[in-house]
Structures are given as C-alpha cells and as structure tokens.
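Please open the model in a viewer with residue selection enabled. The tour below proceeds by selections, each followed by what is found there.

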Amino acid sequence: MKVLFVFDDQEYSSFFVYDLTSGVNSLLRVSPEIKIQKLTLGELYTQVPIEKFLAYFSVAFSIEVKKYLILKKEDSLLGVKEAGLDEDGKMPVTVYKDFIALKNGQQFIKGEQRLTLDEIDAYISYQIDQNGRIDVFERQEDIIRLMKRKTVRPSLSAITNNYGTVKEHSGSNLNLKDMLKLGTGYLAKGNARMNKTNVPENGSYSLSGNFPYHLDRIDWEKNRVKLRSDLIE
C-alpha cells in the first residue's frame with residue numbers, strides 16, 4: 001500500500017509517499033517546486049481536487065498512489081501548541097545543522113534548542129537551505145515524530161478508538177483497514193531504518209540566482225524516481 005502524506009502549506013506543501021508494502025519500508029520526499037509543464041507541483045495541488053491531484057501525481061512519476069492523508073501545517077502547529085509545548089511556551093528540538101530560516105530570517109544553530117511556536121513554524125517551513133540541500137524534509141519529519149511520541153501509541157486499541165478523530169481532523173480516504181496497516185507498519189516502526197529518497201535527489205538539480213534559492217533545472221537521468229519525459233517543460 002502506498003500512501004501520499006501531504007504536509008499542507010498551500011503551494012509550498014511537502015509531499016511524502018510511504019510504501020507500506022509487506023517487507024518494504026521506504027519513503028519518497030517530493031519537492032513542491034518540481035514543474036509539471038507550466039505549473040509547479042505545489043501550484044497544481046492548490047488548483048485541483050485531491051483525487052485529481054493523486055491521479056496526476058501517479059502518472060507524472062509512474063507511481064500508483066490511491067490513498068492519501070493531509071495534515072495542514074497550521075493544524076500541526078496547533079497540535080504542538082496544545083500538547084507539545086512546555087510550561088515556558090517552548091519545545092525542545094535537536095537542530096542538526098546551522099541554517100537560516102527564510103520565514104523569519106532567524107539563524108538556527110546546531111545543537112539542542114528550545115523553540116517557541118513561531119520559531120517552530122519557521123523551522124519547518126519549506127525552503128532550500130544555503131548549502132543548496134532540501135533538508136527541510138528532515139526537520140518536518142522530526143517535529144511530526146516528536147508530536148507522535150507525545151500523542152500517538154500505535155496499538156490496535158488506539159487506532160480503532162481514534163479512527164473517527166483522524167477522519168474528522170485530517171483530509172484522508174484511509175479506511176479503518178488502511179489505518180491499521182499504517183499504524184502497525186510505519187507508526188509502529190517509525191524509528192526503524194527507512195529508505196528515504198528526495199525527489200529531486202541531491203546533485204541532480206541546479207538553483208536559480210542567489211539565496212533564497214529556487215529549483216531551476218533538474219537532470220532526471222540522475223534521479224531514481226523520474227518525471228515523465230512529456231511533462232518536462
């Protein structure tokens with residue numbers, strides 16, 4: 001089973017494809033800046049219903065994905081506010097490298113930090129970092145993982161008891177059987193080794209201008225997951 005998880009921030013949403021096929025533990029992390037002819041993937045996401053987006057996405061990357069789960073960034077921040085902040089209004093986060101956040105211009109320093117809600121917002125907002133890498137995927141996953149540890153237990157009872165809540169507070173076409181598979185698969189082994197691939201992969205793309213960067217050209221021959229040739233602008 002492949003599930004498209006959308007970390008929804010409008011045209012700067014991040015797209016994660018979890019492959020929960022038996023014996024497989026892989027994750028694709030797809031940039032919203034990839035162009036599908038004239039539109040970026042993020043722009044396309046904001047302009048069509050999710051069912052059409054799934055169909056376009058599947059055709060574009062030759063990956064059949066029929067299941068989806070959408071988490072709006074503002075909802076994730078609300079979750080952090082309600083369950084993740086300590087009494088001082090901050091959350092402990094391990095920053096794995098120095099970088100400047102474009103959203104607020106803040107310099108984040110490698111090491112253990114305590115971040116406010118606004119700082120977490122900047123920390124997980126999509127961008128290409130000064131070193132030209134799309135490492136924001138790691139930061140987004142870290143915050144989601146931290147929240148999962150505080151609020152989720154991937155047991156059968158937790159999944160069945162909270163199924164209605166998941167359906168109510170997220171965009172999803174997962175049924176209870178899918179949720180059980182997701183819960184006993186990815187959630188249960190969320191800290192296990194997972195094969196992660198960025199799309200585009202590091203070293204396969206060029207950037208436009210100076211920092212702040214945007215994707216310019218992508219050499220799809222250097223990527224394991226390729227955009228269909230007739231969709232390349």
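**The open sheet and its edges**

Begin by selecting Ile-70 together with Gly-171: Ile-70 stands opposite Gly-171, which belongs to strand S11. The coordinates on display are those of a predicted model. Extend the selection to residues 67-72, strand S6, which is joined to S11 by two bridges, the two strands running antiparallel. Next, bring the whole sheet into view: six strands make up an open sheet with mixed pairing, in the order S11-S6-S1-S2-S3-S12. Colour S11 (171-172) and S12 (195-199), which stand at the edges; each has a single partner strand, so one side of each is left without a neighbour in the sheet.

**Strand S7 and its partner**

Select residues 91-95, strand S7, and display the side chains. Met-91, Val-93 and Val-95 make up the covered face of S7, whereas Pro-92 and Thr-94 make up the uncovered one. Now add residues 111-115, strand S10, which pairs with S7 in the antiparallel sense over five bridges. For one of the individual pairings, pick Pro-92, whose bridge partner in S10 is Arg-114.

**Ile-100 in strand S8**

Move to Ile-100, located in strand S8 (residues 99-100). Is Ile-100 buried or partly exposed? Its relative accessibility is 24%, and Ile-100 therefore counts as partly exposed, as the buried class requires a value under 20%. Display its surroundings: apart from neighbours within four places in sequence, Ile-100 is in contact with Gly-105, Gln-106, Gln-107, Gln-127, Gln-130 and Phe-211. A distance label between the C-alpha atoms of Ile-100 and Tyr-123 should read 9.0 Å, for residues 23 apart along the chain.

**Asp-135 in a loop**

Select Asp-135 in the loop that lies between helix H4 (117-124) and helix H5 (136-151). Asp-135 has a relative accessible area of 15% and is therefore buried. Show its side chain along with that of Arg-133: a polar contact of 3.3 Å joins the two. With neighbours within four places in sequence set aside, Asp-135 is in contact with Lys-97 and Asp-129.

**Gln-140 in helix H5**

Continue into helix H5 and select Gln-140. The relative accessibility of Gln-140 is 2%, so this residue counts as buried. Which backbone oxygen does the side chain of Gln-140 reach? The side chain reaches that of Ile-124, at 2.9 Å. Ile-124 also appears among the contacts of Gln-140 outside the four-place sequence window, together with Phe-7, Ser-14, Phe-16 and Tyr-126. For a further distance label, use Asp-121, which is 19 residues from Gln-140 along the chain, with 9.9 Å between the C-alpha atoms.

**The second largest pocket**

Finally, display the pocket surfaces. Rolling a probe the size of a water molecule over the atoms reveals where empty space remains. The second largest pocket holds about 400 Å³ of space. Its lining comprises 17 residues, of which Glu-33, Lys-35, Leu-215, Asp-216 and Glu-233 are the closest to its centre. Highlight residues 215-218, strand S14, which supplies the largest share of the lining, four residues. How many residues of the lining are nonpolar, polar and charged? Colouring the lining by class shows eight nonpolar, two polar and seven charged residues.

Definitions and conventions:
Residues numbered from 1 in each chain as written. Predicted model: local features only at pLDDT ≥ 70, side-chain atom pairs only at ≥ 80, totals over all residues. Heavy atoms only, no water. Buried < 20%, exposed > 50% of the residue type's maximum accessible area, 1.4 Å probe, protein only. Pairing = 2+ DSSP bridges. Polar contact = N/O pair within 3.5 Å; in protein donor to acceptor, adjacent residues only side chain to side chain. Contact = heavy atoms within 4.5 Å. 1 Å grid on protein atoms, 1.4 Å probe; cavity = no way out; pocket = protein on both sides within 12 Å on 5 of 7 lines; lining within 4 Å. Points joined across faces, edges and corners; volume = space filled by probe spheres on them. Nonpolar A, V, L, I, M, F, W, Y, C, P; charged D, E, K, R; others polar.
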